[in-house]
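Trainee: I'd like to go through the charged residues here. Can you take me through them one by one?

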Amino acid sequence: MSLRERSASGSVEAGEDAAATLAEPDGPDRYLSLLPWDRFSAWLHCVCVVGFDLELGQAVEVIYPPHSKLTDKEKTNICYLSFPDSNSGCLGDTQFCFRFRRSPGRKVSLCCFLDQLDRDLPVYLKKDPAYYYGYVYFRQVRDKSLKRGYFQKSLVLISKLPYIHLFRTILKQIAPEYFERSEAFLEAVCNDVDRWPPPVPGKILHLPIMGMIMKLRIPTYRDKPGTTPVVQNTHQADAQISMALPTVHEVDLFRCFCPVFFHIQMLWELVLLGEPLVVMAPSPSESSETVLALTSCISPLKYCSDFRPYFTIHDSEFKEYTTRTQAPPSVILGVTNPFFAKTLQHWPHIIRIGDIKLPGEVPKQVKVKKLKNLKTLDSKPGVYTSYKPYLNKDEDIVKQLQKGVQQKRPTEAQSVILRRYFLELTESFIIPLERYMASLMPLQKCISPWKSPPQLRQFSQDDFMKTLEKAGPQLTSGLKGDWIGLYRHFLKSPNFDGWFRSRQKEMTQKLEALHLEALCNENLVFWSQKHTEVETVDLVLKLKNKLLQADREQLPVKTDTLKKLQTHINDIILALPDDLQDILLKTGTT
């Protein structure tokens, strides 16, 4: 059976009717109707089945769609990362995720369209073209009919999208049935995904999959930080909705931080500063969730260094990240193999967690432990570091969470409290930087249509530090401590570099957009009449380049402004001699 055929087991009338009803002929969806599998590719790179062979070990048994390309190195990484370490003892079903480097040089047919969608995302949800995520559903059960005595298999979704909760939910729905029904079912699942609308941020999406329909919304950069618009069933068509997802990307923050929540503020500092961190956990499920919780705790800032929710000794970057010949890199690793307790003993910050369980009683306060006390993975849970936080400890958040445990407050509510705490802390830290950055923008009166757009003024660390006395974090945070020292450390970190480059690009594009508007407000036809043909042709070519740049870089320019500029160009060309008109009308750019 070909993948383009609808399998009998996967033909679901309710899902097909909903997809037909909800598909839009206009808008972004039309771009994805050009080729088979384009819709699928907007969400997933491929689906893999990884099994265990007594002679070969872990092996990729199936890749869907069959034309999906993975290099040998990528396949090897997927094989080892899709199975828990043997010491984890994961009997039954386990879900986790991993992240690995893509092999360079691969072209994507939907690149331009997906980049356009990417621009509307919050910075922390933008995909990194250098990495893939692997979302795993692993099953290990006793089976006496097999030589090894166990059935061991993983269903893995490979995607560039960091939508952890969405893909975890999908796997929870499809994996158990796949293990019973095998390949025909997987074909039907892939066909369903190939009928989904594109992942447009800010839009309510309906995704049919194997008889159920998921309703969700991907955040946009315009959303107020800390708010999640609730996806509710509001009209008659929603009678078919099986599941409304409250989030596509968030993890259960409180559950992840519960084993170490007395140290959450220190961990926030370590993540903010891009310090090397290792999470040692009993299983990939705990390690991956904790690493993802750590990277999300500085939201709305993007964590700009590498992070590996689950990392093994077989990983292609193992030697690079465990060498003792240089300082540990800025990376967060989640590990389960006891071997790492010795291999990474020289790392400065290690988080050891036990089995993550929701506390029925108030956790006891655990002191920060010295690194020399960490010998094996059997060491007691805690944070092993000699790091001294810059900020004084916020006792209020600890008391609030403890009180929640005592009152049996739902973990979702605890996570909301913790997420708001991290958000307010990060915003208090970043607002002075945003304010100073805005001061580097040239005044609008400096923008002349007849000169190149002015440059941003240089970022000066000393000048920024001087602003903190009157306009520092004390305006929005009651926390005391060495804020100056924290800023000095942050300005040397990869997270500052990533934030600064992003803001610099946004502001430069804003200057280009303002320059375009200034050009539109000029009487360009009158100007051309007072200048030579050579100068007029030069102006037309420059204006055409401006339009191309606005489209290519998605400059924040109103559509009316672009239409007005195009009208100016046409009017100037029509005032020129016929021979020049013919040339310029055919010329797109220089």
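Mentor: Sure, starting with terms: buried means under 20% relative accessible area, exposed over 50%, and partly exposed in between (1.4 Å probe, protein chains only). This is a predicted model, where local features need pLDDT of at least 70, side-chain atom pairs count only at pLDDT 80 or more, and totals for chains, interfaces and linings use all residues. Residues are numbered from 1 along each chain as its sequence is written, and side-chain values use heavy atoms, with hydrogens and water left out.

Trainee: Is arginine 99 buried or exposed?

Mentor: Go by the relative accessible area, which is 5% for arginine 99. The cut-off for buried is under 20%, so arginine 99 is buried.

Trainee: Which residue forms a salt bridge with arginine 99?

Mentor: A salt bridge needs a side-chain nitrogen of Lys or Arg within 4 Å of a carboxyl oxygen of Asp or Glu. Here the closest N and O atoms are 3.8 Å apart. The partner sits in the loop between helix H4 (111-119) and strand S4 (131-142), while arginine 99 is in strand S3 (residues 92-101), 29 residues apart (helices are DSSP runs of H or I, at least four residues, and strands of E, at least two, numbered from the N terminus). That partner is aspartate 128.

Trainee: How many residues apart are glutamate 61 and lysine 153?

Mentor: Their side chains meet in a salt bridge, 3.0 Å from N to O. Glutamate 61 belongs to strand S2 (residues 57-64) and lysine 153 to strand S5 (residues 150-159), so the pair links distant parts of the chain. Lysine 153 counts as buried at 18% relative accessibility, whereas glutamate 61 counts as partly exposed at 43%. The separation is 92 residues.

Trainee: In which helix do arginine 501 and aspartate 497 both lie?

Mentor: These two form a salt bridge, with the closest N and O atoms 2.9 Å apart. Arginine 501 counts as exposed at 54% relative accessibility, and aspartate 497 as partly exposed at 35%. They are four residues apart, about one turn of the helix, and that helix is H16.

Trainee: Which helix gives the largest share of the negative patch?

Mentor: A patch takes residues with over 30% relative accessible area and no salt bridge, joining like charges within 9 Å and nonpolar side chains (Val, Leu, Ile, Met, Phe, Trp, Tyr) within 5 Å. This one is formed by Glu533, Asp578, Asp579 and Asp582. Aspartate 578 counts as exposed at 58% relative accessibility. Three residues of the patch come from helix H20.

Terms used: Areas by Shrake-Rupley, 256 points an atom, 1.4 Å probe, with all protein chains shown as cover. Lys, Arg positive; Asp, Glu negative; His and termini not counted. Charge placed at Lys NZ, Arg CZ, Asp CG, Glu CD.
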